[in-house]
Amino acid sequence: MATKIYIVYYSTWGHVATLAEEIKKSADSVPGVEVTVWRVPETLPEEVLGKMHAAPGREDHPVITASQLTEADGILFGFPTRFGMMAAQMKAFFDSTGGLWQEGSLAGKPAGVFLATGTQGGGQETTALTAITQLTHHGMLFVPVGYTHGAGMFAMDEVKDGSPYGAGTFASKDGSRTPSDAELALAAHQGKYFAGIAKKLKAV
């Protein structure tokens, strides 16, 4: 039976959605792994989203409900940074998982994170660190990238997001910057790396 990986994200300007697609492409390359990309429900009204110049939701990425998380063997969560923490839309989704927490439904499932940050020093590591509390309360197994991407983790010749916690991209304060090749490469690595670990854990 295939190892089911769910990529669950929220994206304002489309940066996180782009990383999600790159992660999916790579994770799909692992034999015996089946990947589905989902987005969490939007909490802002259309009027506000319009003023923010938000990208329209990807119709090819269906909206997920909390109960569907139990179907996955491993989950990667993606979200933008808001004041050093995950965006409220993703936090609202985690807040809706209380019933799963009471039943221990997600305990033991591997999980990871990836994100987009507006500026350098805008909270890429604090966002990942504070997100781990959500996984911990569910008893999920946090799978960081570490420094498994090799030389790409140490290069200093360009501005790039991403860390040992997971893939990332800088969006700029107005969303005008798109993910760089280096950032996409780390996302691809995370997808394949995470899928391999989830597959091994399922086989135990």
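Select Val63 to begin. This residue is partly exposed, with a relative accessible area of 40%. Val63 sits in the loop between α2 (46-51) and β3. Keep in mind that the model is predicted. Now show what touches Val63. Apart from neighbours within four places in sequence, the contacts are Trp38, Arg39, Val40, Pro41 and Gln68. Add Thr97 as well. Its C-alpha atom is 15 Å from that of Val63, and the two residues are 34 apart along the chain.

**Next stop: Arg39**

One of the contacts of Val63 was Arg39. Select Arg39 together with Glu59. Their side chains meet in a salt bridge, 3.8 Å from N to O. Arg39 belongs to strand β2 and Glu59 to the loop between α2 and β3, so this pair ties together parts that are 20 residues apart in sequence. Is each partner buried or exposed? Arg39 is buried, at 18% relative accessible area. Glu59 is exposed, at 69%.

**Stay in the loop: Arg58**

Select Arg58 and Glu21. Here is another salt bridge, 3.6 Å from N to O. Glu21 is in helix α1, Arg58 is in the loop between α2 and β3, and 37 residues separate them. Glu21 is partly exposed at 27% relative accessibility. Arg58 is partly exposed too, at 30%. Add Asp60: Glu21, Arg58 and Asp60 are linked in a network of salt bridges. The structure holds nine salt bridges.

**Follow α1**

Select residues 15-27, which make up α1. The end C-alpha atoms of α1 are 19 Å apart, which agrees with the 18 Å expected for 13 residues at 1.5 Å each. Which residues of α1 are buried? They are His15, Val16, Ala17, Leu19, Ala20, Glu22, Ile23, Ser26 and Ala27. They pack against β1, β2, β3, β5, β7 and α6. Now pick Lys24 and Asp28. Their side chains form a salt bridge of 2.6 Å, N to O.

**Cross to α6**

Select 181-203 for α6. This helix has 23 residues and reaches 33 Å from its first C-alpha to its last. Its buried residues include Leu184, Leu186, Phe194 and Ala198. Among the elements covering the buried residues are α1, β1 (3-9) and β5 (110-117).

**Last stop: the surface**

Step past α6 to Val204, in the segment that follows it. Val204 is exposed, with a relative accessible area of 85%. Add Leu141 and Leu201. Together with Val204 they form a nonpolar patch on the surface, with about 300 Å² of accessible area.

How values were computed
Residues are numbered from 1 along each chain as its sequence is written. This is a predicted model: local features need pLDDT of at least 70, side-chain atom pairs count only at pLDDT 80 or more; totals for chains, interfaces and linings use all residues. Side-chain values use heavy atoms; hydrogens and water are left out. Patches are made of residues with over 30% relative accessible area and no salt bridge: like charges are joined within 9 Å, nonpolar side chains (Val, Leu, Ile, Met, Phe, Trp, Tyr) within 5 Å. Accessible areas come from the Shrake-Rupley method with a 1.4 Å probe; for residues, only the protein chains shown count as cover. A salt bridge is a side-chain nitrogen of Lys or Arg within 4 Å of a carboxyl oxygen of Asp or Glu. Helices (H or I, at least four residues) and strands (E, at least two) are DSSP runs, numbered from the N terminus. Buried means under 20% relative accessible area, exposed over 50%, partly exposed in between (1.4 Å probe, protein chains only). The expected span of a helix is 1.5 Å times one less than its number of residues. Contact means heavy atoms within 4.5 Å.
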